[in-house]
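Work through the exercises below with the sequence and the 3D view open. Try each task before reading its solution.

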Amino acid sequence: MVIGTIGTGVDIAGVGMTPFGRRSESIVGLACIAARAALEDAGIPPAAVGAVYVGNFMSEYLAGQGSLAPLIARQLGLGSTPATKVEGACASAGIALRHGIMAITSQSTDVVLAIGVEKMSHRSLEDVTTGLSFASDATSDGLAGLTFPGFFGLVARRHMAEFGTTRAQLDAVRARSGDLAQNNPLAAFRRKFGVADFDQAPLIADPLRRTDCSPIADGAAAAVLVAAGYPKSAASPSRIRVLASEQASGPGSISQMQSLTSFPATIAAASAAYERSGCGPEDIDVVELHDCFSIAQIVDSEDLGLFPRGEAAAAIEHGLTMNDGIRPINPSGGLLGRGHPVGATGLAQIYELVQQLRGAGANQVEGAKTALAHNLGGSGVVSTVTILASR
Amino acid sequence: MTPVFAVCQACGNIADAEAQVCNRCFEGTELRSGPLRGELVSWTDITVGPAGMTVPYGLAVVMLSGMLHLGRFNPSGNAEIGSDVVCNEMVNGVCVWTIPNGGGDK
């Protein structure tokens, strides 16, 4: 199969995103800023939007706000346009994007607005930890007191035991994320991280330190999706083709897992996306993957087939994922550097990859023509993989 | 007194001895005399917990009857992956795993 001969028949016409970090706007306000920016980027009027999908994890618990999608649609002036919230923990925005694509492929509309948003930083660390733990199976993992740093702490220690992954390799992941994020004007942490930062960082869930954890943040990101061939003005930026957008479910609790060092939902979604797009891992020029913790970048890289099992940590340490390496990963700084407003992350990845495919990335991968976004929810209970290509 | 656990015949979930059906899949359970013995797959110490939980506390993933189980771990410090662990009790429906010889540095 030749790359680009198949696809979904859906293009990304425009993208928008707020800076991530501590924000004063309401959750609806954040979503509207990103959405308006995406519509302006696309050169498409709000009246053309036929459906809205909003990815969000915990607006009810953290922001006290339900009915999120229709509230955003009304605030955007979209009148009676149907607006739907989807939830898949940290993969909520990837799922929103996929639902938007399906709305177009099912011919229910030609134009969809996909938005991801979360507001977290106004709540205490304990409240946010509680909210994030709602993604665990409440009858088993939640009962035992599993937190998300705790889950990835268990993954890290097991990865160390199975493959010899080292503390220094985890630090290398974080250091590289900081190097890239300092150039990203939308990133929450725009600074380098060094040995002193790692040594002084407190333990959160042994062996993971605070520097291994993506920062709690507020933010929103959005994309305007159109049917291929939808009219375009000469002034609008080049459109990006969606070659594949796949989603898979995985084990809902540790007792359902076969291994702590792999997420089956990622493998299933990636396999389906590679098949649908006609691409393999070797054909992808740039990747944005879900490094909610330093160990996650290592496991995700292996699950996506970017490196053989057990070899990603050394590959990252030796610079193979740098922009000039054989597998450029997370030029945005990833979740570790950009921040992780959980419901927004999947579309922030799309924002970055669209910039890359337009040749306009803050940390541009030279000549990037194909890109992959990987979004992971909960302890691997859901994953989306999206493959994009420039025209 | 020998501890007794209820183990789900369908999914392997471990419950208090009083549980006649599994709280996860609602299939029947069978009673098994303890202590339960398994192999330590991984562990972590939580220092930032959900609201209302007192930190720090340890968690262990244990391989038992071909299945991974998550429970509390006490003590946990410097426990070696692959070592034997035992469970003599459940607290609030969660197994509490320990190292038989009292290992760990806590």
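The exercises that follow concern a predicted model.

**Exercise 1. The sheet of chain A**

Task: Give the strand order of the nine-strand sheet in chain A and find its edge strands.

Solution:
- Step 1. Trace the order. The nine strands run S3-S2-S4-S7-S1-S8-S11-S10-S9 in chain A.
- Step 2. Classify the sheet. It is open, and its pairing is mixed.
- Step 3. Find the edges. Strand S3 (83-86) and strand S9 (286-288) of chain A each pair on one side only.
- Step 4. Add the twist. From one strand to the next, this sheet twists by 25° on average.

**Exercise 2. Strand S4 of chain A**

Task: Describe how S4(A) pairs with S2(A) and with S7(A), then decide whether the residues of S4(A) are buried or exposed.

Solution:
- Step 1. Take the S2 side. Strand S2 (residues 51-55) of chain A runs parallel to S4(A), with five bridges between them.
- Step 2. Fix the register there. A:Val52 is opposite A:Leu113, and A:Val54 is opposite A:Ile115.
- Step 3. Take the S7 side. Strand S7 (residues 219-227) of chain A is antiparallel to S4(A), joined by eight bridges. Here A:Val117 faces A:Ala220.
- Step 4. Sort the side chains. A:Val111, A:Leu113, A:Ile115 and A:Val117 point one way. A:Val112, A:Ala114, A:Gly116 and A:Glu118 point the other way.
- Step 5. Judge the burial. Both sets are buried, so eight of the eight residues in strand S4 (residues 111-118) of chain A are covered.

**Exercise 3. Helices over the sheet**

Task: Which strands do helix H3 and helix H4 of chain A lie across?

Solution:
- Step 1. Start with H3. Helix H3 (residues 68-75) of chain A lies across S2, S3 and S4 of that chain. Its angle to S3(A) is about 140°.
- Step 2. Go on to H4. H4(A) lies across S1, S2, S3, S4, S7, S8, S10 and S11 of chain A. H4(A) runs at about 160° to S2(A).

**Exercise 4. A helix pair**

Task: Work out how H8(A) and H11(A) pack and what kinds of residue form the contact.

Solution:
- Step 1. Read the geometry. Helix H8 (residues 167-181) and helix H11 (residues 294-303) of chain A pack at about 95°, and their axes are 8 Å apart.
- Step 2. Name the arrangement. At that angle, H8(A) is roughly perpendicular to H11(A).
- Step 3. List the partners. H8(A) brings A:Leu170, A:Val173 and A:Ser177. H11(A) brings A:Ser294, A:Ile295, A:Gln297 and A:Ile298.
- Step 4. Sort them. Four of the contact residues are nonpolar, three are polar and none is charged.

**Exercise 5. The three-strand sheet of chain B**

Task: Map the three-strand sheet of chain B.

Solution:
- Step 1. Set the order. The strands run S2-S1-S3 in an open sheet with antiparallel pairing.
- Step 2. Name the edges. Strand S2 (14-16) and strand S3 (29-33) of chain B each pair on one side only.
- Step 3. Add the twist. The average is 40° from one strand to the next.
- Step 4. Check one pair. Strand S1 (residues 4-8) of chain B and S3(B) are antiparallel over five bridges. B:Phe5 stands opposite B:Arg32 in this pair.

**Exercise 6. Cysteines**

Task: How many disulfides does the whole structure hold?

Solution:
- Step 1. Set the cut-off. A disulfide needs sulfur atoms within 2.5 Å.
- Step 2. Test chain A. The closest cysteine sulfur to that of A:Cys292 belongs to A:Cys90, 6.3 Å away, so no bond is possible. A:Cys292 is buried, at 6% relative accessible area.
- Step 3. Test chain B. From B:Cys22 to the closest cysteine sulfur, in B:Cys11, is 3.7 Å, again too far for a bond. B:Cys22 is buried at 1%.
- Step 4. Conclude. The count over all chains is zero.

**Exercise 7. Unusual backbone**

Task: Where do the cis peptide bonds A:Asp206 to A:Pro207 and B:Gly34 to B:Pro35 lie, and are A:Gln107 and B:Ser65 buried or exposed?

Solution:
- Step 1. Take chain A. The A:Asp206 to A:Pro207 bond is cis, with omega near 10°. A:Pro207 sits in the loop between strand S5 (203-205) and strand S6 (208-209) of chain A.
- Step 2. Take chain B. The bond joining B:Gly34 and B:Pro35 is cis, with omega about 0°. B:Pro35 is in the loop between S3 and strand S4 (36-46) of chain B.
- Step 3. Turn to phi. A:Gln107 is not a glycine, yet its phi is positive, about 65°. The residue lies in the loop between helix H4 (92-105) and S4 of chain A. A:Gln107 is exposed, at 71% relative accessible area.
- Step 4. Repeat for B:Ser65. Its phi is positive, about 55°, and it is not a glycine either. B:Ser65 lies between strand S5 (57-64) and strand S6 (67-73) of chain B, and is exposed at 63%.

Note on methods: Residues are numbered from 1 along each chain as its sequence is written. Chains are lettered from A and ligands numbered from 1 in the order in which they are written. This is a predicted model: local features need pLDDT of at least 70, side-chain atom pairs count only at pLDDT 80 or more; totals for chains, interfaces and linings use all residues. Side-chain values use heavy atoms; hydrogens and water are left out. Axes are lines fitted to C-alpha atoms, for helices over the stretch in contact, and angles run from 0 to 180 degrees between N-to-C directions. Helices (H or I, at least four residues) and strands (E, at least two) are DSSP runs, numbered from the N terminus. Angles under 35 degrees count as roughly parallel, over 145 as roughly antiparallel, 65 to 115 as roughly perpendicular and the rest as oblique. Contact means heavy atoms within 4.5 Å. Ala, Val, Leu, Ile, Met, Phe, Trp, Tyr, Cys and Pro count as nonpolar, Asp, Glu, Lys and Arg as charged, and the others, Gly among them, as polar. Buried means under 20% relative accessible area, exposed over 50%, partly exposed in between (1.4 Å probe, protein chains only). Two strands pair if DSSP finds at least two bridges between them.
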